[in-house]
Amino acid sequence: MSPWLPILMAVPVLGAIVVALLPKGSDKLAKQATLLVSLVVLVLTLVMAVQFKTGGPRFQFQAVYDWIPSFGVKFGVGVDGIALVLIALSAVLVPIVVLASWHDADGTQSADGTLITPKRSVKTYFSLLLVLEAMMIGVFAATDIFLFYVFFEAMLIPMYFMIGSYGGAQRSYAAVKFLLYSLFGGLLMLVAVIALYVVAGKGTFMFPELVGVIQDPATQKWLFAGFFIAFAIKAPLWPVHTWLPDAAAQAPAGAAVLLVGVLDKVGTFGMLRFCLELFPDAAKAFTMPIVVLAVISIIYGAIVAIGQTDMKRLIAYTSISHFGFIVMGVFAMSQVSQSGAALYMVNHGFATGALFLAAGFLIARRGSPHIADYGGVQKVAPLLAGFFLIAGLAGLSLPGLSSFVSEFMVMIGTYTSSAFGSGALAVAAIVSALAVILAAVYILWMVQRALNGPTAEPVKAFKDLNVREIVVLAPLIALIIGFGFFPKPLLDVINPTVTQTLVNVKVDNPAIAEKGAGQ
């Protein structure tokens with residue numbers, strides 16, 4: 001058994017305990033300790049990732065320990081290519097978020113001096129960040145389905161408190177709405193997990209041992225529905241998306257990055273792994289209805305984003321559109337579309353993370369999330385405006401930036417998919433392409449209103465990015481540009497897992513499409 005994944009989960013938990021137990025008045029030390037722990041996790045993750053063998057077994061770095069033997073529950077962890085890149089995404093974003101959140105617990109005021117959020121416990125905030133990191137690593141690493149469910153639910157707790165205690169003026173409403181939606185989906189998934197255990201009759205929750213066990217089509221459909229609804233809420237997919245704009249708008253910028261950049265990926269990750277591989281016949285039966293919902297999400301999210309006046313709500317609605325692309329790619333069931341969807345999960349985290357953080361820096365200076373309160377930022381803070389522009393262009397999938405590769409692969413893979421007859425999927429791909437135009441509208445209009453034009457009077461006092469803020473944004477921009485021109489390292493890790501998924505779902509000729517994905 002490999003110790004890598006247990007260590008990766010243990011380090012942030014131990015770090016959170018240490019930070020929480022620091023003596024009163026140790027706020028600066030708490031921040032420094034949190035940053036150090038998150039960097040240790042990042043280094044360990046990168047070292048582990050280098051040792052991952054793309055031609056090796058599907059699940060690597062496995063560790064399995066008995067947890068509840070009487071029910072066959074094990075603490076089973078291991079990573080395939082998709083889980084690995086999502087854990088790496090989490091490990092990259094957390095230290096960036098720690099630096100970006102350096103003053104998030106200090107309280108904020110609007111431009112007229114009105115208190116928006118009071119000063120809160122710094123130690124608690126950064127402890128919650130580390131606990132959340134452990135939960136995020138655990139949910140992607142879990143190979144026992146019951147353990148996956150535990151992490152799926154447990155990661156709600158730190159995020160709930162980060163939104164409810166450290167968010168904006170409507171933080172309590174947003175936190176409760178986020179929790180209720182997520183708990184409802186989690187309850188449905190728990191019922192499905194227990195039913196899967198009973199119907200399978202294997203006395204285990206280990207994912208590899210349950211693949212291909214459920215053969216009855218009707219049973220598959222019921223179990224699929226329980227898992228899918230939970231993942232659709234988490235994703236979020238229209239029409240169960242309404243919690244996201246409130247949660248993302250009210251959360252501190254750093255928490256919003258982890259919410260949209262990582263936590264929501266658990267939904268699409270779960271669809272790709274559990275819904276497709278455990279219930280392949282049901283997945284095929286529900287493919288077209290789900291693709292229709294995905295296309296609605298793509299267009300709806302883009303249209304509603306155009307009409308937003310709140311910067312963070314606009315970014316949240318763009319993510320609903322982007323998640324529609326990911327879901328469409330998953331259920332188009334071609335190698336190209338699924339590889340593009342998995343790549344989109346990573347690239348979306350970088351692009352939306354950079355955009356949320358740049359918006360957060362703007363809001364911290366102006367004290368307002370409303371786009372109309374800005375104007376002329378590029379004249380007084382050119383670095384901040386430049387980073388914001390690049391992140392925005394990544395959000396609209398400009399060629400040369402990482403999101404373009406993902407979105408192009410999803411649309412091409414969907415258009416050319418032969419899994420269910422190309423006609424209906426080709427129409428879905430064509431309709432989804434309208435979002436490219438809509439994305440240009442909502443991003444460029446936001447940039448025009450916030451960064452260009454006459455300089456608003458309060459904006460004249462803006463300071464440009466300081467060293468800490470540059471260190472926050474520069475790595476994300478570098479990754480966006482780097483993977484835009486050279487996505488092969490990620491695709492080399494992702495492709496074998498997608499191929500195995502398609503084999504388990506019994507989709508014809510995945511190897512043929514795989515050749516296209518690598519080109």
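The exercises below walk through a predicted model, each with a worked solution.

**Exercise 1. Salt bridges around arginine 58**

Task: Find which residues pair with arginine 58, and say where the partners lie.

Solution:
- Start with the general idea. Side chains of opposite charge can pair when their charged atoms come close.
- Apply the cut-off: a side-chain nitrogen of Lys or Arg must lie within 4 Å of a carboxyl oxygen of Asp or Glu. By this rule the count comes to nine salt bridges.
- Take aspartate 80. Its salt bridge with arginine 58 has closest N and O atoms 3.2 Å apart.
- Place the two residues. Aspartate 80 sits in the loop between strand E2 (73-79) and helix H3 (81-100), and arginine 58 in the loop between helix H2 (27-51) and strand E1 (60-68), so the pair ties together parts that are 22 residues apart in sequence.
- Now take glutamate 277. Here the closest N and O atoms of the salt bridge with arginine 58 are 2.7 Å apart.
- Place this pair too. Glutamate 277 is in helix H12 (residues 265-278), while arginine 58 is in the loop between H2 and E1; the pair links distant parts of the chain, 219 residues apart.

**Exercise 2. Buried or exposed?**

Task: Decide whether arginine 58, aspartate 80 and glutamate 277 are buried or exposed.

Solution:
- Recall the limit: buried means under 20% relative accessible area.
- Arginine 58 has 19% relative accessibility, so arginine 58 counts as buried.
- Glutamate 277 is buried because its relative accessible area is 1%.
- Aspartate 80 is buried, as arginine 58 is.

**Exercise 3. A salt bridge inside one helix**

Task: Describe the salt bridge between aspartate 492 and lysine 488, then name the network that shared partners create elsewhere.

Solution:
- The two side chains, of aspartate 492 and lysine 488, meet at 2.7 Å, N to O.
- Both residues belong to helix H23. They are four residues apart, about one turn of the helix.
- Check the cover. Aspartate 492 has a relative accessible area of 33%, so aspartate 492 is partly exposed. Lysine 488 is also partly exposed, at 44%.
- Turn to the network. Arg58, Asp80, Arg273 and Glu277 are joined into one network by salt bridges that share partners.

**Exercise 4. Two helix pairs**

Task: Classify how H15 packs with H21, and how H16 packs with H23.

Solution:
- Look at helix H15 (residues 311-332) and H21. Their axes come within 12 Å and cross at roughly 165 degrees.
- Angles over 145 degrees count as roughly antiparallel. H15 and H21 are therefore roughly antiparallel to each other.
- Add the handedness. H15 passes H21 in a left-handed crossing.
- Move to helix H16 (residues 335-366) and helix H23 (residues 488-505). Their axes are 9 Å apart, and the angle is about 130 degrees.
- H16 and H23 are therefore oblique to each other. H16 passes H23 in a right-handed crossing.

**Exercise 5. A nonpolar patch**

Task: Name the residues of the nonpolar surface patch, and say which helix gives the most.

Solution:
- List the members: Val427, Val431, Leu434, Ile437 and Val441. Together they have about 410 Å² of accessible area.
- Find the elements. Helix H20 (422-432) and helix H21 (434-451) are those that give two or more residues.
- Compare them. H21 gives the most, with three residues.
- Zoom in on isoleucine 437, in helix H21. Its relative accessibility is 57%, so isoleucine 437 counts as exposed.

**Exercise 6. Backbone exceptions**

Task: Locate two cis peptide bonds and two residues with positive phi.

Solution:
- Know the background. Most residues other than glycine have a negative phi, and most peptide bonds are trans.
- One cis bond joins alanine 235 and proline 236, with omega about -5 degrees. Another joins tryptophan 238 and proline 239, with omega about 10 degrees.
- Proline 236 lies in the loop between helix H9 (217-234) and helix H10 (243-250). Proline 239 lies in the loop between H9 and H10.
- Phenylalanine 61 has a positive phi of about 55 degrees. This residue, phenylalanine 61, is found in strand E1. Phenylalanine 61 counts as buried, at 11% relative accessibility.
- Methionine 333 has a phi near 60 degrees. Methionine 333 is in the loop between H15 and H16. At 1% relative accessibility, methionine 333 counts as buried.

Conventions
Residues are numbered from 1 along each chain as its sequence is written. This is a predicted model: local features need pLDDT of at least 70, side-chain atom pairs count only at pLDDT 80 or more; totals for chains, interfaces and linings use all residues. Side-chain values use heavy atoms; hydrogens and water are left out. Patches are made of residues with over 30% relative accessible area and no salt bridge: like charges are joined within 9 Å, nonpolar side chains (Val, Leu, Ile, Met, Phe, Trp, Tyr) within 5 Å. Accessible areas come from the Shrake-Rupley method with a 1.4 Å probe; for residues, only the protein chains shown count as cover. Buried means under 20% relative accessible area, exposed over 50%, partly exposed in between (1.4 Å probe, protein chains only). Axes are lines fitted to C-alpha atoms, for helices over the stretch in contact, and angles run from 0 to 180 degrees between N-to-C directions. Angles under 35 degrees count as roughly parallel, over 145 as roughly antiparallel, 65 to 115 as roughly perpendicular and the rest as oblique. A crossing is left-handed if the near helix is turned anticlockwise from the far one by less than a right angle, and right-handed if clockwise.
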